[in-house]
Amino acid sequence: MDIFVDRLTKRYGAQRAVDDISFNVKAGEVLGFLGPNGAGKTTTMKIITSFMKPTAGDVKVGNFSVLQQPDKIRKMIGYLPEHNALYEDMPVIDYMKFVAEMQGIIPGKIKDRIYEMVITCGLEGEKHKKIGELSKGYKQRVGLAQALIHNPEVLILDEPTAGLDPNQIVEIRELIKKIGREKTVILSSHILAEVEATCARIIIINKGKLVADGTPDELRKHAQGREMLRVTIEDGDKNDIIQSLQHLDTIDMVDWSSSKADLIEIQSRPDMSSRRSVFVLCKEKGWVLTEMTPVETKLEDIFHELTMN
Ligand SMILES: Nc1ncnc2c1ncn2[C@@H]1O[C@H](COP(=O)(O)OP(=O)(O)OP(=O)(O)O)[C@@H](O)[C@H]1O
Ligand SMILES: [Mg+2]
């Protein structure tokens with residue numbers, strides 16, 4: 001089931017928490033919704049799940065609009081809210097039964113469905129405990145089970161691994177990947193590695209505005225406007241090496257690396273490569289080029305650059 005976010009705006013008083021954003025999510029896609037604290041992720045998700053009305057714009061889930069058919073949308077969507085309010089005094093099983101009834105699952109099917117969720121979400125050992133007695137990771141699993149119980153086609157997960165330990169993060173990620181094979185998923189995070197590990201496509205928002213949309217590779221390429229090389233050159237005078245490099249017309253900037261002695265960092269001019277000219281220079285001068293490594297732009301740098309202002 002596709003999701004269409006169309007010129008969505010949400011104002012809180014004078015603040016535009018979400019400011020005229022549009023994007024589509026295709027059926028079966030797992031979309032990472034990335035942005036720093038306060039970017040507007042939770043607000044957007046609350047509107048998509050139709051728990052909150054937009055100030056302007058619309059969201060369609062399949063053929064239904066959050067403005068016109070919010071009840072229909074709530075039934076089709078599984079939602080793991082940011083602050084997952086679970087009933088602490090209820091045993092896991094009872095809580096799942098409560099949610100299943102609320103979601104309108106036929107009474108005859110509730111028991112089977114709970115059993116399936118217990119298996120899918122790895123809750124066998126904990127199912128008789130009260131929710132308040134569970135560790136954070138297991139509470140999060142109950143939150144996921146709750147979001148999945150009516151077998152929705154669309155899943156909206158607001159920071160599903162926030163506050164979990166590294167092992168639990170890996171397990172929840174695997175679980176989301178497994179679930180994501182059959183459903184349309186939007187998953188928010190402010191951690192880049194998180195969305196890179198689970199999502200084929202990433203949207204980045206900052207201060208309510210969309211600032212990037214693409215696969216991790218596309219985002220990387222987009223930022224990689226300029227070539228960066230690390231080179232090590234031996235058997236030459238150090239000053240001569242730096243000055244000669246600076247005179248090459250493919251090169252914009254040359255500097256010693258701060259990370260390792262004798263390592264030089266080269267930034268090429270836009271749309272130029274310095275690989276050949278550096279090699280030819282070394283040959284002419286009789287220097288020995290012992291290392292030439294392209295520096296990959298890290299997705300972290302891109303995220304930083306896009307969300308700094
Ligand atoms: N109920 C509200 N009333 C007033 N302002 C709000 C309300 N909810 C959110 N905001 C503001 O809207 C902006 C976006 O908040 P939102 O919770 O959507 O961000 P977020 O991207 O989910 O951030 P985080 O990563 O911290 O969860 C923030 O500046 C926040 O203070
Ligand atoms: Mg949030």
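**Exercise 1. Identify the residues with the most contacts inside the largest nonpolar core, and find the helix that gives this core its largest share.**

Solution. In this predicted model, begin with the core itself, which has 59 residues. Within this core, the residues with the most contacts are Met96, Ala145, Ile156 and Leu187. Next, turn to the helices: H5, spanning residues 136-148, supplies six residues, the largest share of this core. As a last step, look for a separate core, and a second one of 12 residues appears, including Ile233, Leu245, Ile266 and Cys282.

**Exercise 2. List residues in contact with Leu187, leaving aside its neighbours within four places in sequence.**

Solution. Contact here requires C-beta atoms, placed from the backbone, within 7 Å. With that cut-off, and with the sequence neighbours set aside, the partners of Leu187 include Val30, Gly32 and Phe33, and also Leu157, Pro160 and Ile176. Val195, Thr198 and Cys199 are likewise in contact with Leu187.

**Exercise 3. Describe how the chain is divided into domains, and compare its radius of gyration with that of a compact globule.**

Solution. First, the chain is divided into domain 1, residues 3-214, and domain 2, residues 224-296. The C-alpha centres of domain 1 and domain 2 are 48 Å apart. Then consider the radius of gyration, which is 25 Å for the chain, whereas a compact globule of 309 residues would have one near 19 Å. Finally, the C-alpha atoms fill a box of roughly 85 × 45 × 30 Å along the principal axes.

**Exercise 4. Characterise the shell around ligand 1.**

Solution. The shell divides into three nonpolar, seven polar and two charged residues. Among the residues around ligand 1 are Tyr12, Asn37, Lys41, Glu82 and His190, and helix H1, residues 41-48, contributes the largest share, three residues.

Definitions and conventions:
Residues numbered from 1 in each chain as written. Chains lettered and ligands numbered in written order. Predicted model: local features only at pLDDT ≥ 70, side-chain atom pairs only at ≥ 80, totals over all residues. Near = placed C-beta within 6 Å. Helix = DSSP H or I, 4+ residues; strand = E, 2+ residues; numbered from the N terminus. Nonpolar A, V, L, I, M, F, W, Y, C, P; charged D, E, K, R; others polar. Domains from an automatic or database assignment. Core = buried A, V, L, I, M, F, W, Y, C linked by C-beta atoms within 7 Å. Buried ≥ 20, exposed ≤ 12 C-beta atoms within 10 Å, placed from the backbone. Contact = placed C-beta atoms within 7 Å. Rg over C-alpha atoms; globule rule 2.2 N^0.38 Å.
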